[in-house]
Amino acid sequence: MRAVVLTGPGPVENLVLRDRVVPEVRPGWVRIAVKAFGLNRSELHTRLGLAEGVTFPRVPGIEAVGVVDALDPADAEGGLVVGGQVVTMMGDMGRTYDGGYAQYTLVPVDQVIGFVSDLPWHVIGAVPETLQTAYGSLTTGLDLRAGQSLLIRGGTSSVGLAAAALAKEIGATVLATTRSAGKAEVLRDQGVDHVLIDDGALAPAVRALYPEGVDAALELVGTPTLPDTLAATRVHGTVCFTGMLSNEWIVPDFYPIGYLPKGVRLTAYGGESGDLPADVLQHHLDEIAAGRISLGPIHTYGLDDIRRAHTDMELGRAVGKLVGLTEG
């Protein structure tokens, strides 16, 4: 099989396309013939040496979609069958065992979710981790309700675009940010009610629209903008820290009383495959197929283009989800 191997932390040149032996099935694990895989900043962090617990050389990739290629008969009790469509994500995928940047991947059975869809593989490949993160952030992280206002800090990221779509589906009013006026139309196309150009000091613009502050905020940029996001949120409102587009996630010398505005709640979200219910995945695949919802633009790359894909991700060249294809 063909697989992208990260030889060690460093530049994109450390991503090398190699021929590898197809992994052998063992009890408790499922072999998936990968059709597509999403690219995530988690893999960028791994390549840059920012992730903990990674061993090298390693096939990166924290998510993949495809069909079951082989499994132990004892692991078929959960409804998985050879040839069935599945997604897999998270766990230690792409960190302590090989991930999705390959034509085949072997993953624990408990992080595999089945589905049925006629959507093209590149569309399905854009869904799993993006949907899991957006859905979990809005439900577990924020408990977002119809009629509430939501600020998405980092709105043109794949998770930001998905969160906007899901929040509109819930019935919320959505404010979303971009640092580039040229990307504002993408947010409007996603149904965002108020597009805000982010200059780093966004709270005054938010409070011009909502004098008491927004009900909820999704922080996808990281710790550099978190204080300002908190300042844009009302008393008893909630900020969910989910993303780290800035590659900064530690608050130095954190003193809660001095850092948090009075009465504003700060939560966080980081989920696993088990946090995305199978019916939620199926529902949104069906909604995408029917044209009733979109998680945003998709940009595709072949395995031979993986270095260009990582460069585009690192430099923020593309708006929306980057997806790798194992064929073509």
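Reader: Why is R20 called partly exposed?

Author: In this predicted model, R20 has a relative accessibility of 27%, and because buried means under 20% and exposed means over 50%, a value of 27% counts as partly exposed.

Reader: What makes D98 and R20 a salt bridge?

Author: The closest N and O atoms of D98 and R20 are 2.7 Å apart, and because a salt bridge asks for a side-chain nitrogen of Lys or Arg within 4 Å of a carboxyl oxygen of Asp or Glu, the pair qualifies. D98 lies in the loop between β5 and β6 and R20 in the loop between β2 and β3, so the salt bridge ties together parts that are 78 residues apart in sequence. D98, with a relative accessible area of 25%, is partly exposed. Salt bridges that share partners also join R20, R58 and D98 into one network.

Reader: How do you know that D69 and R31 are paired, and which of these two residues is buried?

Author: Their side chains meet with 2.7 Å from N to O, which is within the 4 Å limit and therefore a salt bridge. D69 lies in strand β4 (residues 63-71) and R31 in strand β3, so the pair ties together parts that are 38 residues apart in sequence. R31 has 17% relative accessibility and counts as buried, because the limit for that word is under 20%, whereas D69, at 27%, counts as partly exposed.

Reader: How many salt bridges are there in the structure, and what makes R2 and D304 one of them?

Author: The structure holds 15 salt bridges, and R2 and D304 form one of them, with 3.1 Å from N to O, which is within 4 Å. This pair links distant parts of the chain, with R2 in strand β1 (residues 2-6) and D304 in the loop between β14 (298-302) and α10 (306-315), 302 residues apart. At 55% relative accessibility D304 counts as exposed, because that word asks for over 50%, while R2, at 25%, counts as partly exposed.

Reader: Why is the pair of F37 and Y101 called stacked?

Author: The ring centres of F37 and Y101 are 4.7 Å apart and their planes stand at 25°; because centres within 6.5 Å make a pair and planes under 30 degrees apart count as stacked, the pair is stacked. It links distant parts of the chain, F37 being in strand β3 (residues 29-38) and Y101 in the loop between β5 (85-89) and β6 (104-108), 64 residues apart. Both F37 and Y101 are buried.

Reader: What makes the pair of F254 and Y259 edge-to-face?

Author: For F254 and Y259 the distance is 5.2 Å centre to centre, with 70° between the planes, and because planes over 60 degrees apart count as edge-to-face, that word applies to this pair. F254 is partly exposed, with a relative accessible area of 42%. The structure holds 4 aromatic pairs.

Reader: How do you know that L161 is buried?

Author: L161 has 0% relative accessibility and therefore counts as buried, the limit being under 20%. L161 is found in helix α4 (residues 158-170), and, not counting residues up to four places away in sequence, the residues that L161 touches include V186, L187, L295 and V319.

Reader: Why is L15 called buried?

Author: The relative accessible area of L15 is 2%, which is under 20% and therefore buried. L15 has its place in strand β2 (residues 15-19), and, leaving aside neighbours within four places in sequence, its contacts include V4, V5, L6, P60 and I306.

Reader: What makes helix α3 mostly covered?

Author: In helix α3 (residues 128-141), 11 of its 14 residues are buried, among them P128, L131, A134, L138 and G141. The helix is followed by D143, whose phi is positive, near 50°.

Reader: Why can W249 belong to a surface patch?

Author: W249 has 32% relative accessibility and counts as partly exposed, and because patches are made of residues with over 30% relative accessible area and no salt bridge, W249 passes the limit on area. W249 lies in the loop between β12 (233-241) and α8 (256-259), and together L48, L50, W249 and I250 make a nonpolar surface patch of about 350 Å².

Technical notes:
Residues numbered from 1 in each chain as written. Predicted model: local features only at pLDDT ≥ 70, side-chain atom pairs only at ≥ 80, totals over all residues. Heavy atoms only, no water. Patch = residues over 30% accessible without salt bridge, like charges linked within 9 Å, V, L, I, M, F, W, Y side chains within 5 Å. Areas by Shrake-Rupley, 256 points an atom, 1.4 Å probe, with all protein chains shown as cover. Helix = DSSP H or I, 4+ residues; strand = E, 2+ residues; numbered from the N terminus. Buried < 20%, exposed > 50% of the residue type's maximum accessible area, 1.4 Å probe, protein only. Phe/Tyr/Trp six-rings, centres within 6.5 Å; stacked < 30°, edge-to-face > 60°. Contact = heavy atoms within 4.5 Å.
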